[in-house]
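Please open the model in your viewer and keep the selection panel at hand. The stops below go from the sheet to the pockets and then to two single residues.

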Amino acid sequence: MMRLDAIDRKILAVLQADGRKSVAELAGEVGLSPSPCLRRVKALEEAGLISRYAAVLDQRKAGLPVSVFVSIKLERQQEEALDAFSAAIRGWPEVLECYLMTGPRDYLLRVVAADLDAYERFLKEKLTRLDGIASIESSFALEQVKYSHVLPLP
């Protein structure tokens, strides 16, 4: 793991809030000249701490207002079954997040959809067609209380 100093943390905080800042703007905000600032950003990228840059879309304005948290229990928790499930999920754009879990369920998914009909189609045409699923529980989010992509750096 890369050792971060106060300036690295400032750079990361600014870029997490706005990844489109120019090097000159970023340098001004963190108290460096552009060349050393760019060197630090490149080092953070090369170390893999900055993995990519992306635009964060408004889910509702993108026409996908429905968020569903789906708990999956597999029939078997053998490596082959876990790998097959994970491989299928990776190819479905409706699944924004997928976690292998401890406890009574094997996976937790966050799925987005345009409406209940679209989620039902996803469920019937994709999820229920996977082999090895013992049970599926869907919970619909009523309100998004907090969403952040900003990591709280130590």
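Begin by selecting the strands of this predicted model: four of them form an open sheet in the order β2-β3-β1-β4, with antiparallel pairing. Because β2 (95–100) and β4 (133–140) stand at the edges and each has a single partner strand, one side of each is left without a neighbour in the sheet. If you follow the sheet across, the twist averages 20° from one strand to the next.

Next, add helix α4 (residues 79–90), which packs on the sheet and touches β1 (66–74), β2, β3 and β4; the direction of α4 makes about 15° with that of β3. As a general point to keep in view while inspecting the pairing, strands of a sheet are held to one another through backbone hydrogen bonds, in a parallel or an antiparallel arrangement.

Now select β3, residues 107–113, together with β2, and display the backbone: the two strands pair in the antiparallel sense over five bridges. One position to label here is C98, whose bridge partner in β3 is L109. The connection between β2 and β3 is also worth selecting, since the two form a hairpin with six residues between them, and G103 in the turn has a positive phi of about 95°.

On the other pairing of β3, turn to β1, which runs antiparallel to β3 and is joined to it by seven bridges. Label F69 and you will find R110 of β3 standing opposite. How many of the residues of β3 are buried? Six of the seven are, so the strand is largely enclosed by the rest of the structure.

Stay in β1 for one more selection, V68, which belongs to this strand and is buried, with a relative accessible area of 0%. Which residues is V68 in contact with, leaving aside its neighbours within four places in sequence? Showing everything in contact brings up L109, R110, V111, Y119, S138, S139 and F140. For a sense of scale, draw a C-alpha to C-alpha distance from V68 to P152: the two are 84 residues apart in sequence and 26 Å apart in space.

The pockets come next, and a surface display will help, given that rolling a probe the size of a water molecule over the atoms shows where empty space is left. The largest pocket has a volume of about 1100 Å³, and of the 26 residues that line it, Q16, S51, R52, A54 and H149 are the closest to its centre. Colouring that lining by class gives 16 nonpolar, five polar and five charged residues.

Move then to the second largest pocket, which holds about 680 Å³ of space and is lined by 20 residues, with Q59, S67, R110, V112 and Q144 lying nearest its centre. The sheet takes part in this lining, as β1, β2 and β3 each supply at least two residues. By class, the lining of the second largest pocket has 11 nonpolar, three polar and six charged residues.

For the last stop, select A43 in helix α3 (residues 34–46). Is A43 buried or exposed? Neither word fits, because its relative accessible area of 30% lies between the cut-offs of under 20% for buried and over 50% for exposed, and A43 is therefore partly exposed. Finally, add M2 to the selection: the C-alpha atoms of A43 and M2 are separated by 9.4 Å, although the two residues are 41 residues apart along the chain.

Definitions and conventions
Residues are numbered from 1 along each chain as its sequence is written. This is a predicted model: local features need pLDDT of at least 70, side-chain atom pairs count only at pLDDT 80 or more; totals for chains, interfaces and linings use all residues. Side-chain values use heavy atoms; hydrogens and water are left out. Two strands pair if DSSP finds at least two bridges between them. Helices (H or I, at least four residues) and strands (E, at least two) are DSSP runs, numbered from the N terminus. Axes are lines fitted to C-alpha atoms, for helices over the stretch in contact, and angles run from 0 to 180 degrees between N-to-C directions. Contact means heavy atoms within 4.5 Å. Buried means under 20% relative accessible area, exposed over 50%, partly exposed in between (1.4 Å probe, protein chains only). On a 1 Å grid over the protein atoms alone, a cavity is a set of points where a 1.4 Å probe fits but cannot get out, and a pocket is an open set with protein on both sides within 12 Å along at least five of seven lines; lining residues have an atom within 4 Å of a point. Grid points are joined across faces, edges and corners, and a volume is the space filled by probe spheres set on the points. Ala, Val, Leu, Ile, Met, Phe, Trp, Tyr, Cys and Pro count as nonpolar, Asp, Glu, Lys and Arg as charged, and the others, Gly among them, as polar.
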